[in-house]
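Here is a quick tour of the pockets and surface of one protein chain. Have the model open as you read.

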Amino acid sequence: SEALNATGIVISACSFQAFTIAAWNTIDCMTSERFPTSVRSTGMGVCTASGRVGALIAQIVNGALVGSPVRLLLVASTSLVVAALTPFLLPSGDFSNRALEDDMESKSSEQDEETMRLNAPTDTLS
């Protein structure tokens, strides 16, 4: 029974790690596509640095609350709920087969071209 519990813990830990790695790889790909080429490295650097600072703060908070498990679980649960709801604030839509912008101006010019194309009169006789 104890060996079965240990096996279950190892399988659960490995599954958790695999899904965590897959999620971070997805986030990295999606984040890099949101930045124009000219600022992509800077944007990814800021995002990565923000995540590392957040991880540092989380360790300090966890250490301060380790003596109070209820408060620790409430803080962890609240942060997970906020993290689960945050993607709904991002722009939606399908990003597949979309050209990546090479500079900051191309994004606005592509949007202007799309707006002009949608608003242009169409010839229904031809």
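## A greasy spot on the surface

Let's start with V53, which is found in helix α2. Keep in mind that what you're looking at is a predicted model. Is V53 buried, exposed or partly exposed? Its relative accessible area comes to 47%, and since partly exposed covers the range between 20% and 50%, V53 counts as partly exposed.

V53 also has company: together with I57, V61 and V75 it forms a nonpolar patch on the surface. The four have about 290 Å² of accessible area together. Which helix gives the most to this patch? That's α2, with 3 residues.

## The overall layout

Stepping back, the chain has 4 helices and 0 strands. Read from the N terminus on, the order of elements is simply α-α-α-α.

How much of the chain is buried? Of its 126 residues, buried ones make up 7%.

## The largest pocket

Now for the pockets. The largest pocket holds about 1000 Å³ of space, and 22 residues line it. If you want to find its centre, look for W24, I27, D28, T31 and C47, the lining residues that lie nearest to it.

Which elements give two or more residues to this lining? They are α1 (2–33), α2 (40–65) and α3 (69–85). Of the elements, α2 gives the most to the lining of the largest pocket, with 7 residues. As for chemistry, that lining has 12 nonpolar, 7 polar and 3 charged residues.

## The second largest pocket

Next comes the second largest pocket, with a volume of about 360 Å³. Its lining is made of A58, N62, V75, A76, S79, L80, A83 and T86. You've met V75 already, as a member of the nonpolar patch; here V75 turns up again in the pocket lining.

Both α2 and α3 supply at least two residues each to the lining of the second largest pocket. Which of the elements gives the most here? This time α3 does, with 5 residues. By class, the lining of the second largest pocket splits into 5 nonpolar and 3 polar residues, with no charged ones.

## Where α2 shows up

To pull the threads together, follow α2 through the model. This helix gives the most to the lining of the largest pocket, and it also gives the most to the nonpolar patch. In the second largest pocket, α2 supplies at least two lining residues, while α3 gives the most.

Terms used. Residues numbered from 1 in each chain as written. Predicted model: local features only at pLDDT ≥ 70, side-chain atom pairs only at ≥ 80, totals over all residues. Heavy atoms only, no water. 1 Å grid on protein atoms, 1.4 Å probe; cavity = no way out; pocket = protein on both sides within 12 Å on 5 of 7 lines; lining within 4 Å. Points joined across faces, edges and corners; volume = space filled by probe spheres on them. Nonpolar A, V, L, I, M, F, W, Y, C, P; charged D, E, K, R; others polar. Patch = residues over 30% accessible without salt bridge, like charges linked within 9 Å, V, L, I, M, F, W, Y side chains within 5 Å. Areas by Shrake-Rupley, 256 points an atom, 1.4 Å probe, with all protein chains shown as cover. Salt bridge = Lys/Arg side-chain N within 4 Å of Asp/Glu carboxyl O. Buried < 20%, exposed > 50% of the residue type's maximum accessible area, 1.4 Å probe, protein only.
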